Amino acid sequence: MAARTGAAQSNEPPWTPEQFEANLRSLGRRYHIHHPFNVRLNSGQCTPDEIRGWVANRFYYQINIPLKDAAILSNCDDRETRRLWVQRILDHDGYDEDAGGIESWACLADAVGLPRDALWSLEHVVPGVRFAVDAYVNFARRVPWQEAVCSSLTEMFAPQIHKDRLSGWPSLYPWIDQNGLHYFRSRIPLASRDVEHGLAVTLDYFRTREAQQRALDILQFKLDILWSMLDSVEKAYAQ
Ligand SMILES: O=C(O)c1cc(C(=O)O)c2c(n1)C(=O)C(=O)c1cc(C(=O)O)[nH]c1-2
């Protein structure tokens, strides 16, 4: 991964944990919440076909998140971290009475009128989305687990995008069955819990200025993945 956020001099002192966290959070200005497609989506300007296209494509991200988390687990030699991290897989795949996030996303597909067989067949997934999501999973497979943990920190910015959908969609898109929005509601507390753990790992692992700079580059890489997914959806569906 090429440095994106400015080369660091290795002789500079490390940022304090507070400054480091503030610098990570400042990358929120590049979150896909600001992507033109998302701006249209959350301001009521998307057609039903565009929304169905977005749901079908984002499904590829949803079903790959547990593979990404399993890759992190497979590289992680720290038992305490594994005990916490395994929950992320269960959140998406479900356990006991909890049907899980993938099933919730399938309910969103029902709500927007996308048939389940079309969703699960992945027939609507466009190449750019496939490449971007696969890049995320492959990154998690090959880097030290702490770097992969850092890449999940885009979740710092996710609660707001979920809240925007929950507050806006019912009036902007009254044709969408509101029961389908459960996924967004469920993710708000889970994202906050994930971030608390992910940030603790990141602040502890990236200690030198050079390492902290690498953490910013990793977060930017993940922001780019989310951004390019929307670029691809926009190109495929926007009128
Ligand atoms: O709807 C969104 O915009 C959005 C973004 C992100 C993100 O920022 O990576 C995640 C999610 N949703 C999400 O639902 C989710 O479960 C999730 C897991 C992760 C991750 O990197 O481990 N990101 C995200």
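Select the shell around the ligand and colour it by residue class: in this predicted model, its residues divide into 7 nonpolar, 5 polar and 6 charged. Of the 18 residues around the ligand, five come nearest, namely Tyr31, Tyr61, Lys68, Tyr136 and Tyr183. Label these five before proceeding.

Next, display the side chain of Tyr183, where a polar atom lies 2.5 Å from an oxygen atom of the ligand. Turn then to Arg165, whose side chain places an N or O atom 2.8 Å from an oxygen atom of the ligand. Add Arg187 to the selection; a polar atom of the Arg187 side chain is 3.2 Å from an oxygen atom of the ligand. With a surface switched on, examine how the ligand is enclosed: on its own the ligand has 470 Å² of accessible area, and the protein covers 99% of it. The site occupied by the ligand is the largest cavity.

Now change to a cartoon view and select the elements that give two or more residues to the shell around the ligand: helix H3 (48-75), helix H9 (158-172), helix H10 (182-205) and helix H11 (209-237). Which element gives the most to this shell? Helix H3 does, with 4 residues.

Finally, select residues 22-231, the range at which UniProt, in an unreviewed entry, places the feature "domain: Thiaminase-2/PQQC". Over this range the chain is 75% helix and 0% strand. Mark the C-alpha atoms at the two ends of the range, which are 27 Å apart.

Technical notes
Residues are numbered from 1 along each chain as its sequence is written. This is a predicted model: local features need pLDDT of at least 70, side-chain atom pairs count only at pLDDT 80 or more; totals for chains, interfaces and linings use all residues. Side-chain values use heavy atoms; hydrogens and water are left out. A residue is near a molecule or strand if one of its heavy atoms lies within 4 Å of it. A polar contact is a pair of N or O atoms within 3.5 Å; within protein, one must be able to donate a hydrogen and the other to accept it, and residues adjacent in sequence count only if both atoms are side-chain atoms. Accessible areas come from the Shrake-Rupley method with a 1.4 Å probe; for residues, only the protein chains shown count as cover. On a 1 Å grid over the protein atoms alone, a cavity is a set of points where a 1.4 Å probe fits but cannot get out, and a pocket is an open set with protein on both sides within 12 Å along at least five of seven lines; lining residues have an atom within 4 Å of a point. A molecule sits in a cavity or pocket if more than half of its atoms lie within 2 Å of its grid points. Ala, Val, Leu, Ile, Met, Phe, Trp, Tyr, Cys and Pro count as nonpolar, Asp, Glu, Lys and Arg as charged, and the others, Gly among them, as polar. UniProt positions are given in the numbering used here, feature names are shortened, and annotations may be inferred rather than shown by experiment.
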